[in-house]
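Reader: I'd like to go through the labels people put on this model and ask what earns each one. Can we start with the holes inside and then move on to the helices?

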Amino acid sequence: MTHSSHQRDMRDAVRNVGRRRFLTVTGAAAALAFSVNLPAAGTASAAELDARKIKENPFTLGVASGDPLPGSALLWTRLAPRPYEAGSGLPRARVQVGWEVARDERFSRVVRRGTATAHPEFDHSVHVEVKGLEADRVLYYRFRAGGWTSPVGRTRTAPARGARNNGLTLAAVSCQAYHDGYFTAYKHLADEDVHAVFHLGDYLYEYAVNATGGARNDTSRELPAHFNHETITLEDYRLRYGLYKSDPDLIAAHAAHPFVVTWDDHETENNYAGGIPENDVPPEEFLLRRAAAYRAYWENQPLRTPQRPTGPDMRLYRRLHFGTLAQFDILDTRQYRSDQAYGDGWQKPGPESEDPSRTMTGAAQERWLLDGWRASRSLWNVVPQQVVLAQRRDVPTDAFKLSMDAWDGYPASRERILRGAEAAGVDNLMVLTGDVHVHYGFDLKKDFDDPASRTLGTEIVTSSITSGKDGSDRPGSWNNLMRANPHLKFFNGRRGYALVTLGRERARADYRTVSAVTTPGAPVTTAGSFVTEVGDQGLTPA
């Protein structure tokens, strides 16, 4: 089927369902089912395939784990003998997949085992919630399908809720455009000693990838032509995940560490806001696209059942605890936000952007966050989210502009969040951010226009894995941004990731960078290191 015929089918689906019915969850789910020919009877309707008949390795996308809990691990894989083909080389039949969890890599001490079903309706993905595990324990896992055994993954359960744990190391990553370079940073991250990796969005990009993988310029193979257009349909998104997740460095990082994921815009479409698309297409058509993107996201990520989408809606914001040391409130700043003011981009702030009714999170998520802070008994309250929270002026003059897609375009929403943290007695606030393809280190000020005002917390912004290609240590905007924003303590424009170590007395952030991503194999180095003290927030060089 051609790309143009896919788009015609989507419009036909919308017309058949009807606008009013479409704009309900049930109607959107029905439209999605109509457009991709899903069986109305549900996931039990498919025939069963004897896994012994699978003649090619079905574990080409590796394994993953996510959202660690004290007594539970979430394990993921997707059967895909041919991940660059629609259907991934499997018939539309369900497959039984065995799984094991052990204390050692050789599986001589297996602690749990069982069987899960890979349903064709979920593109043969498997999400196993393993319960009854010990808290704060490194564990190993693998899957079996017929005569095939997956690579071994390593995961880790969270400490018990009331445990007085003294240290926790995490990595923050974001923005991995396949067509902008190699995932070298993931190769290095796989070798780091971290409890969990927090992915802050743009795991996948909707943009076309040509036959040589864009800036990768890999002439050793030729990618199929169906990657060379923007993702629109469920099949498009599924295939694009097959491309991304077949990357060996990404596979290695997922196998080494549990991931905690949240999305930004490119998993669906650049700079969409709630139900409003970037481009001028009917809103019902965009919601159909959003439903396809959300479904493919869930299918391809180590997420638990509460995150499974219904049509164009998916509850991605959620809370995790690591003993009494840290509470993590993972946000979704894309699905519920008001439209960007002044047509998006960098603009002079004014009445439209400063309207107090504007929201970045939606009212329900904002209440959930503030209520969670009021109830928190953790030393550190960490907020993994997508776009820059701190004020970020582009020039050090009164003619400055602000990004309307970041929290600067929603200042009333930011004010409510920061005031809520202060009112809740959150003394050690840390925000983790992606999106901007550079490393930043910000102090979060009570009044960003007054450098002497109280520092309420810190914001660690991680650079991209690849997006923006190689980058530079000092981008062209470096001088202007450092002068315009005295609360900006660090700025580096190379690719990489951030390591954050939380302790009882202080936290430390190490900004890790690679020198190039347009060629493979670059070494990793630390471009900067900063600490912030418990009870006395603010970034200082380590």
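Author: Happy to. A cavity here is a set of grid points where a 1.4 Å probe fits but cannot get out, and its volume is the space filled by probe spheres set on those points. Keep in mind that this is a predicted model. In the largest cavity, that space comes to about 60 Å³.

Reader: How many cavities of 30 Å³ or more turn up in the whole structure?

Author: The search finds two. The second largest cavity holds about 50 Å³ of space.

Reader: What makes a residue part of the lining of the largest cavity, and which residues are they?

Author: A lining residue has an atom within 4 Å of a cavity point. For the largest cavity, that gives Leu331, Leu369, Trp373, Val383, Gln385, Leu389, Trp407, Ile417, Leu418, Leu429 and Val431. The elements that supply two or more of these are α8 (363-375), α9 (411-423) and β18 (429-433).

Reader: How do those lining residues divide into nonpolar, polar and charged?

Author: There are 10 nonpolar, one polar and no charged residues around the largest cavity. Gln385 belongs to that lining, and Gln falls outside the nonpolar and charged lists, so Gln counts as polar.

Reader: And what lines the second largest cavity?

Author: Its lining is Ala421, Glu422, Gly425, Val426, Asp427, Leu429, Arg454 and Leu456. By class, that's four nonpolar, one polar and three charged. Glu, Asp and Arg are on the charged list, while Gly goes with the polar group.

Reader: On to the helices. Why are α8 and α9 called roughly parallel?

Author: Their angle is about 15°, with the axes 9 Å apart. Angles under 35 degrees count as roughly parallel, so α8 is roughly parallel to α9. As for handedness, α8 passes α9 in a right-handed crossing.

Reader: How do you know which residues make that contact?

Author: The test is heavy atoms within 4.5 Å. On the α8 side, Glu366, Leu369, Leu370 and Trp373 qualify, and they meet Ser413, Arg416, Ile417, Gly420 and Ala421 in α9. Sorted by class, the contact has five nonpolar, two polar and two charged residues.

Reader: What makes α5 and α7 roughly parallel?

Author: The axes of α5 (234-245) and α7 (residues 283-299) come within 8 Å and cross at roughly 30°. With the limit at 35 degrees, the label follows, so α5 is roughly parallel to α7. The crossing of α5 past α7 is right-handed.

Reader: Which residues make the contact of α5 with α7?

Author: Leu234, Tyr237, Arg238 and Tyr241 come from α5, while α7 brings Arg289, Ala292, Ala293, Arg295, Ala296, Tyr297 and Glu299. That contact divides into seven nonpolar, no polar and four charged residues.

Reader: Last one: why would anybody flag a positive phi?

Author: Because most residues other than glycine have a negative phi. Asn217 has a phi near 50°, and Asn217 is placed in the loop between β11 (196-199) and α5. Asp344 has a positive phi too, about 80°, and lies in the loop between β14 (326-330) and β15 (346-347).

Terms used
Residues are numbered from 1 along each chain as its sequence is written. This is a predicted model: local features need pLDDT of at least 70, side-chain atom pairs count only at pLDDT 80 or more; totals for chains, interfaces and linings use all residues. Side-chain values use heavy atoms; hydrogens and water are left out. On a 1 Å grid over the protein atoms alone, a cavity is a set of points where a 1.4 Å probe fits but cannot get out, and a pocket is an open set with protein on both sides within 12 Å along at least five of seven lines; lining residues have an atom within 4 Å of a point. Helices (H or I, at least four residues) and strands (E, at least two) are DSSP runs, numbered from the N terminus. Axes are lines fitted to C-alpha atoms, for helices over the stretch in contact, and angles run from 0 to 180 degrees between N-to-C directions. Angles under 35 degrees count as roughly parallel, over 145 as roughly antiparallel, 65 to 115 as roughly perpendicular and the rest as oblique. A crossing is left-handed if the near helix is turned anticlockwise from the far one by less than a right angle, and right-handed if clockwise.
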